[in-house]
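Got your viewer open and a selection box ready? Let's take a short walk, one selection at a time.

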Amino acid sequence: MATTALNLIIFAILLFLASAVPPTNSQQFSRKLSKKEMGLKVEKLSHLHFYFHDIGSGSNPTAVHVAQAATTNSSATLFGSVTVIDNRLTLGPELSSKTVGRAQGMYVFADTTELALSVVYNFAFSEGVFNGSVLSVLGRNPFLSGVRELPVVGGSGVFRFARGHAKLKTVETNMQTGDAVVEYNVYVFHY
């Protein structure tokens, strides 16, 4: 009986000691980090201005309709239509203007009562200090409205930990082809 009691006491002590040992990093789900540990410096606010060319016509479209619901053709708002894009971003509104990047992603007609898109875009920049960096935007675009806003939800490269918003305005639309030029003013905090 004394041996059993002694074994229980030893077991209790070992259990207590085992629970007092901090977990190793490989078993840790999360931990707090400092900006310094991540190599983050002073946060900056940048303003980017460019034009987005949405081209669904011609022999080299950059906006391609890839899917639709069975009811899309009878919907006044094209509800359920999905388009994938790889659109040029340029300095000026002309397609011949200098390319500064690409908008890659998709938009979906996602409203049953008005013409509005749900958009998921990655702006992949190819010029200047932002070359190789990406900004990600996600949101609702009621494209017949004058000025719209989309949230900047993140990014990579220079735009790691980015946040902000984009103001956009349609500059030109061809109602026969659906082609459009949209002006973007993007205000983004980044490190």
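Before you colour by secondary structure, note what the labels stand for: helices (H or I, at least four residues) and strands (E, at least two) are DSSP runs, numbered from the N terminus. Keep in mind too that this is a predicted model. On that basis, the order of elements from the N terminus is α-β-β-β-β-β-β-β-β-β, that is, one helix and nine strands.

Stay with the whole chain for a moment. Of its 191 residues, 32% are buried. Switch on the surface and you are looking at about 11900 Å² exposed, with 61% of that supplied by carbon and sulfur atoms. Among contacts with a separation of 6 or more, 47% join residues 24 or more positions apart.

Next stop: the core. Which residues have the most contacts inside the largest nonpolar core? Select Phe 123 and Tyr 184; those are the ones, in a core of 28 residues. Elements giving two or more residues to this core include β1, β3 (82-90), β4 (99-109) and β9. The largest share, five residues, comes from β5.

Now zoom in on Phe 123. Its relative accessibility is 0%, so Phe 123 counts as buried, the cut-off being under 20%. Show what surrounds this ring: beyond neighbours within four places in sequence, the contacts of Phe 123 include Phe 50, Phe 52, Leu 89, Arg 102, Val 137 and Tyr 184.

Time for the rings. The chain has eleven aromatic pairs. Pick Phe 52 and Tyr 184 to start: this pair is tilted, with 5.5 Å centre to centre and 40° between the planes. Phe 52 sits in strand β1 (residues 44-54) and Tyr 184 in strand β9 (residues 180-190), so the pair ties together parts 132 residues apart in sequence. Both Phe 52 and Tyr 184 are buried.

Keep Tyr 184 selected and add Phe 123. Here the ring centres are 5.3 Å apart and the planes stand at 80°, so this pair is edge-to-face, for which the angle must be over 60 degrees. It is another link between distant parts of the chain, from Phe 123 in strand β5 (residues 117-125) to Tyr 184 in strand β9, 61 residues apart.

Widen the selection to Phe 50, Phe 52, Tyr 121, Phe 123, Phe 125, Phe 130, Phe 159 and Tyr 184: ring pairs link them into a cluster.

Last stop: Arg 163 and Phe 189. Arg 163 lies over the face of the Phe 189 ring, 4.5 Å from its centre.

How values were computed
Residues numbered from 1 in each chain as written. Predicted model: local features only at pLDDT ≥ 70, side-chain atom pairs only at ≥ 80, totals over all residues. Heavy atoms only, no water. Buried < 20%, exposed > 50% of the residue type's maximum accessible area, 1.4 Å probe, protein only. Contact = heavy atoms within 4.5 Å. Areas by Shrake-Rupley, 256 points an atom, 1.4 Å probe, with all protein chains shown as cover. Phe/Tyr/Trp six-rings, centres within 6.5 Å; stacked < 30°, edge-to-face > 60°. Lys NZ or Arg CZ within 6 Å of the ring centre and 35° of its normal. Core = buried A, V, L, I, M, F, W, Y, C linked by side-chain atoms within 4.5 Å.
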